[in-house]
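Reader: I've got a two-chain model open on my screen and I'd like to talk it through. Can you walk me through the contact between the chains and one of the pockets?

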Amino acid sequence: MEDATRALGKGSQPPGPVPEGLIRIYSMRFCPYAHRTRLVLRAKGIRHEVININLRNKPEWYYTKHPFGQIPVLENSKCQLIYESVIACEYLDDAYPGRKLYPYDPYERARQKMLLELFYKVPHLTKECLVALRCGRECGDLKLALRQEFCNLEEILGYQNTIFFGGDRISMIDYLFWPWFERLDVYGIADCLNHMPALRLWTAAMKQDPTVCALLIDKNIFLGFLNLYFQNNPDAFDYGLPC
Amino acid sequence: MSGGSARSLAKGSAPPGPVPEGLIRVYSMRFCPFAQRTLLVLKAKGIRHEIININLKNKPEWFFKKNPFGLVPVLENSQGQLIYESAITCEYLDEAYPGKKLLPDDPYEKAYQKMVFELFSKIPSLVASFLRRQNEEDCSGLKEELQKEFSKLEEVLTNKKTTFFGGNSVSMIDYLIWPWFERLEVLELNDCADHTPKLKLWMAAMREDSAVSALLTEPKVLRGFLSLYLENSPEACDYGL
């Protein structure tokens, strides 16, 4: 994988300018938000380089790329910086040729953006479940709340009677949702999808997508990362990289 | 273009018929800053539209079929397509209708406007909290937070060296953030902009824009609405009619 590089931390040298013909993404191998942008880079076949950031020990220079040191951030060869994962994904779709991931039709584009609004509680809820479970706390209420959000999405798929959220082909909205669904199993909350046949079908279809497949994170490596992360080990972010 | 000054529809009202061809409908409320975004874009692009005002303190049952969240603004076109979330409605209008493009064509400049929009994003809830404040402590805390947010916007104008947030003429980002700045005076929050001179200049320049000035609400009418609205009065939305 292009992103199999050690994360840069405090004291590291700032990277040089981005060579022409390439775009750079500041990322972290296990971050779901950065995952969105990496999916789009892959789906559109965009030549890119990845610089992983140690999120627990951020390089001082990184705050010149993002005021709060968040990821993902795109940097192009004109030194333009783009952040917020959704903005970065749309930028890539607009700026690069090839297959458009957002529909052309203004109403269909608007529909995908409205769908994204329906998703907004999912990242927070999945993270809260993960933290609760890792800290040995009960999270029945959180899981119920997450299931409620999934029910809304299940209803949409049922109503549309399509495999994917944008129709019969995979499109931007599917990639924007995917990272959290990929993590349900390794977070220990895969049962939140019980009794949701349309979402399960969607998940299965997503796993057949070549882009999703290419970026699928090995479960054992992810678990290794999570174990170190919850022990506050600063080497967590490099777990699974060859020594 | 009709309906801006029409009485709002409430519970028990008959649902409106389909939208005639050649027109787009916006479900709105005369004092809602989010709906004002959409009205500004409709005006700026010269899009033929009709307005149906909704009584937000006594919503018609049929309105939840237009937007399951029951919020304004909502766009409905003659094909029966519904679009909601104010920023999404604005972008839809810019893409679907000809004439002056409010969002830049350049992908980076477009992304930049969206990043500035994120920088603005805490302001609506801060202003709403300020409206509902209980005491003087809340007041000064909220004002301080608002000043912090204003400084971020000041920095953008300083870096860009332009009058408006998207360049030297008004564009989408200016319209998206304007409604809250229009309300500063009535909320007695103008002094929060005292240390952000470029922002103050921007506010003055915005008042000269034709779409903005066409949709300005008289401060005393806004004040009248606000006191009724804070008391949850079902008469609030029609204040001044």
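Author: Sure, and let's start with a term: a salt bridge here is a side-chain nitrogen of Lys or Arg within 4 Å of a carboxyl oxygen of Asp or Glu. Keep in mind that this is a predicted model. By that rule, the count over all chains is 26 salt bridges.

Reader: How many salt bridges are there between chain A and chain B?

Author: One of them is easy to find: the side chains of Glu91(B) and Lys113(A) meet, N to O, at 3.2 Å. Glu91(B) sits in helix H3 (residues 86–96) of chain B, while Lys113(A) belongs to helix H3 of chain A. Residue pairs in polar contact between the chains, both at pLDDT 80 or more, number 5. For salt bridges between chain A and chain B, the count is 5.

Reader: Which element gives the most to the side of chain A that touches chain B?

Author: Strand E4 (81–83), helix H2 (85–95) and H3 of chain A each supply at least two residues of that side. By class, the side has 12 nonpolar, 1 polar and 6 charged residues. The top contributor, with 8 residues, is H3(A).

Reader: How much area do chain A and chain B bury between them?

Author: Start with who touches whom: 19 residues of chain A are in contact with 19 residues of chain B. In chain A, the residues losing the most area to chain B are Ile87(A), Tyr107(A) and Met114(A), together 31% of what that side buries. Carbon and sulfur atoms carry 70% of the buried area, and the total between the two chains is about 1800 Å².

Reader: Now the second largest pocket: which residues are the closest to its centre?

Author: The space in there comes to about 620 Å³. Elements giving two or more residues to the lining are helix H3 (106–118) and helix H5 (140–160) of chain A, along with helix H2 (63–66) and strand E4 (82–84) of chain B. Of the 17 lining residues, the closest to the centre are Arg111(A), Ile156(A), Tyr159(A), Pro68(B) and Tyr84(B).

Reader: And how many residues of that lining are nonpolar?

Author: Let's take the other classes before the one you want. The lining of the second largest pocket has 4 charged and 4 polar residues. The nonpolar residues there number 9.

Technical notes
Residues numbered from 1 in each chain as written. Chains lettered and ligands numbered in written order. Heavy atoms only, no water. 1 Å grid on protein atoms, 1.4 Å probe; cavity = no way out; pocket = protein on both sides within 12 Å on 5 of 7 lines; lining within 4 Å. Points joined across faces, edges and corners; volume = space filled by probe spheres on them. Helix = DSSP H or I, 4+ residues; strand = E, 2+ residues; numbered from the N terminus. Nonpolar A, V, L, I, M, F, W, Y, C, P; charged D, E, K, R; others polar. Contact = heavy atoms within 4.5 Å. Buried area = accessible area lost by both parts, 1.4 Å probe. Polar contact = N/O pair within 3.5 Å; in protein donor to acceptor, adjacent residues only side chain to side chain.
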